[in-house]
Amino acid sequence: MSVAKEIAKIIVIYLFVFLCIVIFVLFPREPTIEFIGKAMTVEYSYNFDLKAFSTSIIDFFKNAIENKSLGETKFPSRSAEDDLLTFFPKSLKIIVVGFVLSIVFGILKGIMDYRFTNTKKGIFGSGATWFLSGVPDFFIIICLSYFLLLYVPDFSIMGDQAWWKFIAPSILVSIAPALYVARITSVALLQQDREPYIQVAFAKGFTKTRVLLNHMMRSCLITIASHLQSLMVFILSNLLVVEYLLGYQGAAYRMFSAIGYTNAVPPGHGGGADERGLIIAICISFLLLVMIAHIISQIIKVKLDPK
């Protein structure tokens, strides 16, 4: 299949996913509130109306086309697009830097794990990789924050006021994905190590580094490329934890607040704010990044492996 056909197929699939996100977010969740008896007991009930649900979806797309906006936010003077343009670029810096760091350092760590296999240094190779993979990201974040607070009180990674505040979150979101790439790399290299053409290359007197770079890395990069989509999802799943714990108000942090896990009265009952348009905008923006990673993955695989 050509690159153009593969990209078209990916775009169609993600367009369907975009539609599913809209339907899921617009799914009616508002309860019916009634006051029963002389004591005016509050009774909550939920009745699903398919006709009203389909009408709300049609109205959403109609308003988006007519008003060229996905809706309002809890801030009266700001639309969903305004908040998206404010918060998404802040998260995009973390995502892009974290994505690059996870690939570069993941490959380097995977090569080190491969080189240390069956040696006394193995504990610093695959052993350290498997151990660190079991440590939760938020635990590393908390430990790092306490270390800086106790020993470097004048330096803080919390917040998002300074321009360089995205560096620490970028490193933190890349730790687990880098270990994931390291495992993929080391396993791919170990599998090739037993191939006949690799043994022939060693028999010709080529050094291990030359064989690694000239013969093994090409196939290894194809394997890594097939996981770029999963790697992006991995980074996005860590993004909310990092932004929330570090107080970095990016798109994931803003989406979490827009979902509205509070005691506020649901929209349509005299309080709260209906920010479903903003939730859809941020979700689709994140999904676009996954789609781009998927497309890049397919392009790399086709270019490196024409078969």
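In this predicted model, helices α3 and α10 are oblique to each other, a description that rests on the geometry of their packing: α3, which spans residues 80-115, meets α10 at an angle of about 135 degrees, with the two axes 7 Å apart. Because angles over 145 degrees would count as roughly antiparallel and those from 65 to 115 as roughly perpendicular, an angle of about 135 degrees falls into the oblique class. On the α3 side the contact is made by Asp83, Phe87, Phe88 and Ser91, and on the α10 side by Ala251, Ala252 and Arg254. Sorted by class, the residues in this contact of α3 with α10 comprise four nonpolar, one polar and two charged.

Phe87, one of the α3 residues in that contact, deserves a separate look. With a relative accessible area of 13%, Phe87 is buried, since the cut-off for that class is under 20%. Apart from its neighbours within four places in sequence, Phe87 is in contact with Gln249, Gly250, Ala251 and Arg254. The C-alpha atoms of Phe87 and Gln249 are separated by 7.0 Å, although the two residues stand 162 residues apart along the chain.

Helix α10 also takes part in an aromatic pair, formed by Phe256 in α10 (residues 251-259) and Tyr244 in helix α9 (residues 228-246), so the pair ties together parts that are 12 residues apart in sequence. A pair of aromatic rings is described by the distance of the centres and the angle of the planes. For Tyr244 and Phe256 the centres are 5.8 Å apart and the planes stand at 70 degrees, so the pair is edge-to-face, given that angles over 60 degrees are assigned to that class. Tyr244 and Phe256 belong, together with Tyr253, to one aromatic cluster, and a search of the whole structure finds six aromatic pairs. Phe256 itself counts as partly exposed, at 33% relative accessibility.

Aromatic rings are also met by charged side chains. The charged end of Lys90 sits over the ring of Tyr248, at 5.8 Å from the ring centre, while the charged end of Arg183 sits over the ring of Trp130, at 5.3 Å from the centre of that ring.

A further set of contacts involves helix α6 (residues 167-193), in which Ser174 lies. Ser174 is buried, with a relative accessible area of 6%, and, leaving aside its neighbours within four places in sequence, Ser174 is in contact with Gly98, Leu101 and Ser102.

Notes:
Residues are numbered from 1 along each chain as its sequence is written. This is a predicted model: local features need pLDDT of at least 70, side-chain atom pairs count only at pLDDT 80 or more; totals for chains, interfaces and linings use all residues. Side-chain values use heavy atoms; hydrogens and water are left out. Rings of Phe, Tyr and Trp (its six-membered ring) pair if their centres lie within 6.5 Å; planes under 30 degrees apart count as stacked, over 60 as edge-to-face and the rest as tilted. Helices (H or I, at least four residues) and strands (E, at least two) are DSSP runs, numbered from the N terminus. Buried means under 20% relative accessible area, exposed over 50%, partly exposed in between (1.4 Å probe, protein chains only). A charge sits over a ring if NZ of Lys or CZ of Arg is within 6 Å of the ring centre and within 35 degrees of the ring normal. Axes are lines fitted to C-alpha atoms, for helices over the stretch in contact, and angles run from 0 to 180 degrees between N-to-C directions. Angles under 35 degrees count as roughly parallel, over 145 as roughly antiparallel, 65 to 115 as roughly perpendicular and the rest as oblique. Contact means heavy atoms within 4.5 Å. Ala, Val, Leu, Ile, Met, Phe, Trp, Tyr, Cys and Pro count as nonpolar, Asp, Glu, Lys and Arg as charged, and the others, Gly among them, as polar.
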